[in-house]
Amino acid sequence: MTVSYRQPGVVLTDRRFTVPLDHDRPEGETIELYAREVVASDKTSQDLLPWLLYLQGGPGFGADRSVGRPGWLGRALKEYRVLLLDQRGTGHSTPANRQSLPLRGGPAEQADYLTHFRADSIVRDCEAIRAELTGGKPWTVLGQSFGGFCAVSYLSLAPEGLATAVITGGLPALDAHADDVYRAAFPRIERKVTAHYARYPQDAERARRIADHLLTHDVVLPNGYRLTVEAFQSLGIALGTGDGTHRLHYLLENAFVRTPQGFTLSDAFQEQVQAMLSYARHPLYALIHESIYGQDARPTAWSAERVRAEFPRFDAAKALAGDEPLLFTGESIHPWMFDCDPALRPLRETADLLAARTDWTPLYDPARLAANTVPVVAAVYHDDMYVDTAHSLRTARTIRGLRTWITDEFEHDGIRTGGPRVLDRLLALVRGEA
């Protein structure tokens, strides 16, 4: 049964689908997918309105819960009926978290289960949904970040399902191991941190003071998260977004409060930090993040943690012992997160087993991409902190007919901060108007 309701300027319809957990075993266990259909209120009677499927970034995040028709969605609704999919394991789509995963059994069973939550399975989910919604007609996919990775998998596995592919900040390296991804990432992260301190010089001393406090005090946040120096450094993930440098600055300036016992980290600071660091709302992101790069017999083996050791400037103790600035880190998952975060602690052994797996299957087909006939456009953000620009451009040259828009006007979240302009520019590229 579907349920429809209204918001300003739009009509929303809740849709649910049943798909196999393992598409290679369609007779086996099934899971439920949830998606929200959005159509402009003045276009509800237009049955022939083409579909646009939005694939959220992540992995592990449910689709946006917007109100009305803001940003890119408003632009899309001018000519599309939009489907916002909660990818498997996220949102309302049979969620995978510390509360639900024990239903699978122990860590080994949980790890086996989670191998079915990568881009290849998401693409096959989309194809099952498309057959039900469009009557077999191809649709347009808009993939942001990891959603773009899924779009490239879609072009590899089922291009017949696509009328057009639009990618924002999400052209993946086709054959890079996770180690290659992080070796390219840490220098980019350092550039972002250096730019932040150039913009807000006072933050260099503030960050050092906070880190020094954490080295000498055991700080547990109100939700039970153990705030270590490494966890504090991981707040640098914000620096890859359009307003992240400013949000980080405002966070640091309110870090300390004076008490009868001396200065300590303020309640306001701790409350904001736990909201930024907790994976309670998206634990799947932490669990399968490195596995999105697994495509062969090599384990990911906690790649970000190992590669970070190759960049000693990120060592907080060494920075504090000398005159080096404390470097924040970016989009990377580390084993200590499963010790610090109460939302992840019960899943540490599961995460270890995923990191040790050696049976990952390919996610992309370079030969098929080289023969591509689907119109594809991609926004590539110059010096994107999350997705390496050089990797993206190499992939762009592999996909036949792909047109790129390379810009430094936006950070990785350009679809959020400049959504109508970004989508308008990319759709113009598809039509050959830009």
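The points below walk through selected features of this predicted model.

1. Helix 3 is a reasonable place to begin. It spans residues 119-133, and its 15 residues reach 21 Å from the first C-alpha to the last, close to the 21 Å expected at 1.5 Å a residue. Of these 15 residues 11 are buried, so the helix is largely enclosed by the rest of the structure. The buried set includes nonpolar residues such as Ile122, Val123, Ile129 and Leu133, but Asp120, Asp125, Glu127 and Arg130 also belong to it.

2. The surroundings of helix 3 can be followed along the chain. Its buried residues are covered by elements that include strand 2 (10-20), strand 3 (30-40), strand 4 (51-55), strand 5 (81-86), strand 6 and helix 4 (146-157). Just after the helix, Gly135 takes a positive phi of about 70°.

3. Strand 6, one of the elements that cover helix 3, covers residues 139-144 and includes Gln144. Is Gln144 buried or exposed? With a relative accessibility of 7%, Gln144 counts as buried, because the cut-off for that term is under 20% relative accessible area. Its side chain makes a polar contact of 2.6 Å with the side chain of Thr168, and it also reaches the backbone oxygen of His412 at 3.2 Å.

4. The contacts of Gln144 involve several separate stretches of sequence. Leaving aside residues up to four places away in sequence, Gln144 touches Tyr54, Leu55, Gln56 and Gly57, together with Thr168, His412, Asp413 and Ile415.

5. The nonpolar interior deserves a point of its own. In soluble globular proteins, nonpolar side chains tend to be buried together. Here the largest nonpolar core has 110 residues, and those with the most contacts inside it are Leu114, Trp139, Leu227, Phe232 and Phe338. Helix 5, residues 178-199, gives the most to this core, with eight residues. Apart from it lies another core, of 27 residues, among them Ala40, Ala76, Ala379 and Leu426.

6. Leu227 gives a closer view of the 110-residue core, being one of the residues with the most contacts inside it. Not counting residues up to four places away in sequence, Leu227 touches Leu214, Val219, Leu221, Phe232, Leu265, Phe269, Val273 and Leu277. Leu214, one of these partners, is a buried residue of helix 6, as are Asp203, Ala207, Arg208, Ile210, Ala211 and His213. Helix 6 itself runs over residues 202-216, and its 15 residues reach 22 Å between the first and last C-alpha, close to the 21 Å expected at 1.5 Å a residue.

7. Aromatic contacts form a further theme, with 13 aromatic pairs in the structure. In one of them, Tyr182 and Tyr293 meet edge-to-face, at 6.3 Å centre to centre and with 85° between the planes. This pair links distant parts of the chain, 111 residues apart: Tyr182 lies in helix 5, whereas Tyr293 lies in the loop between helix 10 (283-288) and helix 11 (303-308). Tyr182 is buried, with a relative accessible area of 2%, and Tyr293 counts as buried at 12% relative accessibility. Together with Phe146 and Phe149, these two tyrosines form one aromatic cluster.

8. Finally, arginine side chains are found over aromatic faces. Arg81 lies over the face of Trp51, at 5.9 Å from the ring centre, while Arg88 lies over the face of Phe117, at 5.6 Å from the ring centre.

Methods: Residues are numbered from 1 along each chain as its sequence is written. This is a predicted model: local features need pLDDT of at least 70, side-chain atom pairs count only at pLDDT 80 or more; totals for chains, interfaces and linings use all residues. Side-chain values use heavy atoms; hydrogens and water are left out. Helices (H or I, at least four residues) and strands (E, at least two) are DSSP runs, numbered from the N terminus. Buried means under 20% relative accessible area, exposed over 50%, partly exposed in between (1.4 Å probe, protein chains only). A polar contact is a pair of N or O atoms within 3.5 Å; within protein, one must be able to donate a hydrogen and the other to accept it, and residues adjacent in sequence count only if both atoms are side-chain atoms. Contact means heavy atoms within 4.5 Å. The expected span of a helix is 1.5 Å times one less than its number of residues. A nonpolar core is a set of buried Ala, Val, Leu, Ile, Met, Phe, Trp, Tyr and Cys residues joined through side-chain atoms within 4.5 Å. Rings of Phe, Tyr and Trp (its six-membered ring) pair if their centres lie within 6.5 Å; planes under 30 degrees apart count as stacked, over 60 as edge-to-face and the rest as tilted. A charge sits over a ring if NZ of Lys or CZ of Arg is within 6 Å of the ring centre and within 35 degrees of the ring normal.
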